[in-house]
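New to this one? Have a look at the model first, then read on for a short tour.

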Amino acid sequence: MTGCDAASARLFDAVLLDRDGTLIEDVPYNGDPDKVRPMPGARAALDRLRAAGLRLGVVTNQSGLARGLFTAADMNAVHARVDALLGPFDTWQVCPHGEEADCRCRKPAPGLVEAAARALGTDPSRCAVIGDIGRDVVAAAAAGAAGILVPTAVTRPEEIDAAPAVAVDLADAVDQVLRRQALVRAELTPQPGHEVHGRPRTVLVARSDSAGDVLVTGPAIRAVAAGADRVVLLCGPRGRAAAGLLPGVDELIEWPLPWIDPSPAPVAAEPMRELIARLATVGADQALIFTSFHQSPLPLALLLRMAGVPQVAAISDDYPGSLLDLRHRVPAGIPEVERALSLAAAAGFGLSVGDQPTLRLNADALPAHPPVALPAGYVVVHPGASVPARACPPQRCADIVSALVRAGHRVVVTGGPDERELTAEVAAAGGVDVGGRTSLADLASVLARADCVVVGNTGPAHLAAAVGTPVVSLFAPTVPFGRWAPYRVPLVRAGDAGAACRDTRASVCPVAGHPCLADVDPAEVVAAVRLLAARAARPAEGQR
């Protein structure tokens, strides 16, 4: 595993768990340690996490303190009993406030998760949070952590629909954490049949898709770059601008692939012969083909074979014959960033020492200042999307802008050159319109200076994640949220996660009126912006 260490190969440092209904049976307002009953299999599941080197914390709302239903001493006695039954926890974080309190620590606010991460000497993005109701996973996302929902009888169906990951019980949730951890850990030697003697001089990586797809492949490309002398990226026209922003890429080849592009030209022999010839000039020792879960790598693998590339790796459920030297498999539901990282890891490539599996841009490729005048302290609303089914209707975006302005926010409306009419319509509600006036690099600079970005499931959502700006995700459920949510950035999801379009992968909304996003409440977006924009507020109270 060239150039990487155990810490950089690890997704998670800690697992944070809700108390009632997750670790122990939910006894309302319990202040009696004799009533503590562990959830089935809890001790064994927690011991597996401890054995894997993960630190454990508890994040729990206890409004019974504010209501006077038990004392702090009663609560601490309950927690001592939990420690005795389930093993000691490295930190307990408690919100003692009632629902009416405007505190930052009561879940679904992220304060408890942030405080637990601080107490454990890590960052929320390196924590997994396991809980039994929606507010647990909402708090996790708002802190930038990975949430896993373990439903019980009290979990509402809409909470299950909206969760990024769902487990059948605590043991299954632990399985998911450890599986994700293992998938991205590069071994000292790659899988049998994919050995390369010495450090590979040139590796060709392919991600021929849109800007967002290229961006989420960035950590995997950095991993390859940490173990190779030269990285050549094959991308398509829609991803070219994003590819130019990625660290670790030494050369770009732009070429449309008709089996990937959504509006492809007919397959013709001459362009394919030209592509084979171009690929042959790279002189690659290896090639890694990165794809989304619904795409096939095999057509490109055939062309790479014909170009003489000696080692080809890809994720493929379909039988590849001799097209692949490394045929990698990934469980369903893995975030796309980790899916790509797992292929790099299987081929023996890991992130370099100190690098983390987050989206990142090449700072040298970004302008020092935005190309347009911007107000101080602003929220970005990006109404467009590369796929129509994922775009919030213009009138609802205008309503969101109006609500944000009334709440005292300065709003900047962004969009591409072909979205000028759209951004003008949306910005008329009180925003500053910069539609069509920014390149992708310019847009990254605009997003990096924003307090928050309100955007659908499209490239700028991942661009915001790459510059570390929190996202209110107007996420149409046509594709799985757990795979495509902005990665490792503070996040609040909005929209109907259980709409009839769920998991259809439709490019045009199949439901009249586009209800999954048309019915988003602007007040909900304002509340989400307030929650995320206050992420640097005072520490959560109640640290034990």
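What follows is a walk through a sheet, one of its strands, a few backbone oddities and a pocket.

Keep in mind that this is a predicted model.

**The sheet**

Let's start with an open sheet built from five strands, in the order β3-β2-β1-β4-β5, with parallel pairing. At its edges sit β3 (91-95) and β5 (146-149), each of which has a pairing partner on one side only. Going from one strand to the next, the twist averages 20°.

Two helices lie across this part of the fold. One is α4, covering residues 111-119, which lies across β1, β2 (55-61), β3 and β4 and runs at about 155° to β3. The other is α7, covering residues 170-183, which lies across β1, β4 and β5 and runs at about 150° to β5.

**A closer look at β4**

How many of the residues of β4 are buried? Five of the five are, so the strand is largely enclosed by the rest of the structure. "Buried" here stands for under 20% relative accessible area. From β4, Cys 127, Val 129 and Gly 131 point one way, while Ala 128 and Ile 130 point the other way.

β4 has a parallel partner in β1: strand β1 (residues 14-17) and strand β4 (residues 127-131) are joined by four bridges. Another is β5, which pairs with β4 in the parallel sense, again over four bridges. If you want to find these pairings by residue, here are some positions to look for.

| Residue | Partner or opposite residue | Strands |
|---|---|---|
| Ala 14 | Cys 127 (bridge partner) | β1 and β4 |
| Leu 17 | Ile 130 (opposite) | β1 and β4 |
| Val 129 | Gly 147 (opposite) | β4 and β5 |

So far as side chains go, Cys 127 and Val 129 both turn up in the group that points one way from β4, and Ile 130 is in the group that points the other way.

**Backbone oddities**

Now for some spots that stand out. Most residues other than glycine have a negative phi, and most peptide bonds are trans.

Where is the cis peptide bond? It joins Lys 107 and Pro 108, with omega at about 25°. Pro 108 lies in the loop between β3 and α4, and α4 is one of the helices met above, lying across β3 among other strands.

Tyr 29 is not a glycine, yet its phi is positive, at about 50°. You'll find Tyr 29 in the loop between β1 and α1 (42-51). With 41% relative accessibility, Tyr 29 counts as partly exposed.

Asp 503 also has a positive phi, near 60°, without being a glycine. Its place is the loop between β17 (491-494) and α19 (515-518). At 45% relative accessibility, Asp 503 counts as partly exposed.

**The second largest pocket**

Rolling a probe the size of a water molecule over the atoms shows where empty space is left. In the second largest pocket, that space comes to about 1,200 Å³. Which elements give two or more residues to the lining of this pocket? They are α8 (211-216), α10 (240-243), α16 (440-448) and α17 (459-466).

In total, 43 residues line the second largest pocket. Nearest its centre lie Ser 210, Ala 211, Arg 238, Ser 386 and Val 387. Sorted by class, the lining has 17 nonpolar, 19 polar and seven charged residues.

Terms used
Residues numbered from 1 in each chain as written. Predicted model: local features only at pLDDT ≥ 70, side-chain atom pairs only at ≥ 80, totals over all residues. Heavy atoms only, no water. 1 Å grid on protein atoms, 1.4 Å probe; cavity = no way out; pocket = protein on both sides within 12 Å on 5 of 7 lines; lining within 4 Å. Points joined across faces, edges and corners; volume = space filled by probe spheres on them. Nonpolar A, V, L, I, M, F, W, Y, C, P; charged D, E, K, R; others polar. Pairing = 2+ DSSP bridges. Axes fitted to C-alpha atoms, helices over the stretch in contact; angles between N-to-C directions. Contact = heavy atoms within 4.5 Å. Buried < 20%, exposed > 50% of the residue type's maximum accessible area, 1.4 Å probe, protein only.
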